[in-house]
Amino acid sequence: MRRPVQWFSRARKHSTRPAAWMLAGVASSALILTSCTAPTSTDNTADSSNSDSAAITTPVPIATAPGAPETTLSSTANAELNTESASLNDARVFYRWFSMAGHAELSEAQLRVIEEWISGYQEARGEGDDSGVATPELNVQPVLTASTEEAIGIRLEAFEFLGASGAASYHTLWYLPQEHQALETKDLFTDDATWAKLLELAKTALSKHPDVFPDAPADVDETYLDSLNFDSAGNGLLEFDEYTVAAGAVGAPVITIAAADLEPLLNKAGKKVRTAGMSAETSTQAASSSSVVSSEAPGTVTAPPDAAAPPSQSNVDCAVTKCIALTFDDGPGPYTQQLLDTLGEYNAKATFFVVGSNVDRYTETLMREAAEGHEIGNHTWSHRSLPTLSEDGVSDELESTSDAISNVLGYAPQLVRPPYGATSPTVNQLTHSPVVLWDVDTLDWKSRNAAAVVDEAVTGAHAGAIVLMHDIHSSTVNAVPEILKQLSGQGYEFVTVSQLLASKNPAAGVVYSTGPAPK
Ligand code: NI
């Protein structure tokens, strides 16, 4: 069945600026890295000898799609390029974007696109598309498609799930660091006539595609041309969102615009980004961007210990002691070090449910969490709602995160917390770990207000409680001193989840949302 062509509300594209809440984390993201990851592969999967302007590129899995070359950073001006993440947990929205110190324009351009996706998603939800048993979700991940001193290419992939099945959408932005200028596809063309010519070339290519709906090319307008990349020969690779021009099973069709046809249409900026795209060293790694991001200070990372299990934690008998487990999800992030300072002042232990794709970026922070006696749990690689994934997808999300953490700490996390607390019997089984939910929700993602977070935590506190918070919000981190002060005053001991549950002998595949209390 054909999905609506206007899958996300494209008409309002470019019309809004990022909301204040979306930019809240941007200023603090200006962290400078000291080195970068070497390219891992130079396998360019695109057909660089193609001279047919209407050629169709066979759809391939996203990780290796020719429309999605993934580049690693060169050790040049862009070495401080990072990913940052944010979430709107109430709406099951999780997104990541690239940031660069001194280049707010780069973040703003991506957040504009992401905000459009979010509002389109919220609108669709409002229409009741998620009335089924499955829960809706929007997840946005960035991939770097070019990175030179002249131009950076960023391809955003949005996965949207509204209750029946999911669809992926793509949007590629270009950024000129020297000019502090973010460019949409249209900005790469000399004028309206050459832009119209691209649309004409695209329609011709689509009409020859065996999988494209016969009536689709007529429906295609300029808003569809929002993800243009380049292969090493300078051919244009135009990528279309899933379900917009072809059946979902076809994936996201990519068409090739021959270099000879494309080159005369491009303006100066367009030629600049094309050159950057052509020189991109592509990788066939999963589009997780894990290889793209530098770690905080790799020079100081020491070899992991040989231990295969976490260090043993002090024996607190929570069947006798008044225990509480504070848990922090979605990090590490820019505020986590501050949180660790606070926890240290109170000698409070906590549990961090870490997103795997943050590990490279915050290696030092992760090491500090573990070194200071906190527990590290698995919160998946890209924060997708697990019940909507295939079994292999669930295992990939969990194992890649477990491996990333294990590579840093020398042991794998023992606990899993599924994103949004969304799980199923199948997911529980695939975790091969105790599944940890919570029984006190501070709603910190909603209030973004320290006083409100303190109130929820203190009011909800009870012996054996597992308290949900997120260390990616500054308001949450600012709430923790007062929470620790008040709850210590009430005689609570702050323990990790494993300490809390120890007397229960937690078993793999079983869900825990609270711990024991003294009789
Ligand atoms: Ni989360």
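## A walk from the nickel site to the outer loops

Pro332 is found in the loop between E13 and H7. That is a good place to begin a tour of this predicted model, as the peptide bond leading from Gly331 to Pro332 is cis, with omega near -5°. Most peptide bonds are trans, which makes this one worth a look on your screen.

Now turn to the metal. The loop between strand E13 (323-329) and helix H7 (336-345) also holds Asp330, one of the residues that coordinate the nickel ion. The ion is held by an OD oxygen of Asp330 together with the NE2 atoms of His379 and His383, at 2.0 to 2.1 Å. Read along the sequence, the donor residues follow the spacing D-x48-H-x3-H. His379 sits in the loop between strand E15 (375-378) and helix H9 (391-409), so Asp330 and His379 tie together parts of the chain that are 49 residues apart in sequence.

How exposed or buried are these two donors? Asp330 has a relative accessible area of 0%, and His379 comes in at 2%. Buried means under 20% relative accessible area, so Asp330 counts as buried, and so does His379. If you are looking at the model as a surface, switch to a view that shows the interior to find them.

Next, consider the backbone at two other loops. Most residues other than glycine have a negative phi. Tyr420 is not a glycine, yet its phi is positive, at about 65°. Tyr420 is placed in the loop between H9 and helix H10 (425-431), and thus follows the helix that borders the loop of His379. Despite its place in a loop, Tyr420 counts as buried because its relative accessibility is 11%.

Asn505 also has a positive phi, here about 45°, although it is not a glycine either. You will find Asn505 in the loop between helix H14 (497-501) and strand E20 (511-512). Is Asn505 buried or exposed? With a relative accessible area of 61%, Asn505 is exposed, whereas Tyr420 is buried.

Finally, step back to an earlier part of the chain. Phe161 belongs to strand E6, which covers residues 152-161. Its relative accessible area is 7%, so Phe161 is buried. Pro136 is 25 residues away from Phe161 along the chain, but the C-alpha atoms of the two are separated by 5.1 Å.

Note on methods
Residues numbered from 1 in each chain as written. Predicted model: local features only at pLDDT ≥ 70, side-chain atom pairs only at ≥ 80, totals over all residues. Heavy atoms only, no water. Helix = DSSP H or I, 4+ residues; strand = E, 2+ residues; numbered from the N terminus. Buried < 20%, exposed > 50% of the residue type's maximum accessible area, 1.4 Å probe, protein only. Donors = N, O, S within 2.8 Å, 3.2 Å for Na, K, Ca; no water.
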